[in-house]
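Hi,

Here is the structure I promised to pass on to you. Have a look at it first, and my notes on what turned up follow below.

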Amino acid sequence: MYIMIGILVFVIACAVIAKLISYKNWTCIYTAFGNENYYKAVAKLEREGIPFKTKTPMNLGSERIQNRHETTQYDVFVKKEQEHIAQRVINKN
């Protein structure tokens, strides 16, 4: 029983460490609230061919399920060396 728990803790720790390492060379350039704002931002990045990652922090508020698409937070990350280009693309009308 304790061996199984130890293995489970080890696997979870490895997954968390791998996730942290995967974002090491990436920087958050934009935080969007709602699906519409998110899709507008990533469409601009895709149009310019800038690779990105998205993280959705867990929202533990009192939001209602039917309004979730309007209040969901999306953090958009790009590689650090492309930060300035991506900022310019995102801020373009």
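Let me start with disulfides: the count in this predicted model comes to zero. As a reminder, a disulfide is a covalent bond between the sulfur atoms of two cysteines. The cut-off I used for a pair is sulfur atoms within 2.5 Å. Among the cysteines, C14 counts as partly exposed at 35% relative accessibility, and C28 is likewise partly exposed, with 35% as its value.

Next, the aromatic side chains. Searching the whole structure gave two aromatic pairs. One of them is Y38 with Y74, whose ring centres are 4.3 Å apart and whose planes sit at 20 degrees. Why does this pair count as stacked? Planes under 30 degrees apart are classed that way, so the 20 degrees between Y38 and Y74 makes them a stacked pair.

What I like about this contact is where its two partners come from. Y38 belongs to helix α2 (residues 35–48) and Y74 to strand β3 (residues 73–79), so the pair links distant parts of the chain, 36 residues apart. Are these two tyrosines buried or exposed? Y38 is buried, at 12% relative accessibility, and Y74 is buried too, with a relative accessible area of 14%. Y39 joins in as well: Y38, Y39 and Y74 form one aromatic cluster.

Helix α2 also features in the charged contacts. How many salt bridges does a search of the whole structure find? The answer is one, and it is between the side chains of K40 and E36, at 3.3 Å from N to O. The two residues are four apart in helix α2, so about one helical turn separates them. As for their surroundings, K40 is partly exposed at 48% relative accessibility, whereas E36 counts as exposed at 56%.

Finally, please take a look at the surface. I3, M4, I7, F10 and V11 make a nonpolar patch there of about 570 Å². One of these residues, M4, lies in helix α1 (residues 2–22). M4 has a relative accessible area of 60%, and the line for exposed is drawn at over 50%, so M4 counts as exposed.

If you open the model in your viewer, I would go to the stacked pair of Y38 and Y74, then to the salt bridge of K40 and E36, and then to the nonpolar patch that includes M4.

Happy browsing, and all the best!

Note on methods: Residues are numbered from 1 along each chain as its sequence is written. This is a predicted model: local features need pLDDT of at least 70, side-chain atom pairs count only at pLDDT 80 or more; totals for chains, interfaces and linings use all residues. Side-chain values use heavy atoms; hydrogens and water are left out. Patches are made of residues with over 30% relative accessible area and no salt bridge: like charges are joined within 9 Å, nonpolar side chains (Val, Leu, Ile, Met, Phe, Trp, Tyr) within 5 Å. Accessible areas come from the Shrake-Rupley method with a 1.4 Å probe; for residues, only the protein chains shown count as cover. A salt bridge is a side-chain nitrogen of Lys or Arg within 4 Å of a carboxyl oxygen of Asp or Glu. Buried means under 20% relative accessible area, exposed over 50%, partly exposed in between (1.4 Å probe, protein chains only). Rings of Phe, Tyr and Trp (its six-membered ring) pair if their centres lie within 6.5 Å; planes under 30 degrees apart count as stacked, over 60 as edge-to-face and the rest as tilted.
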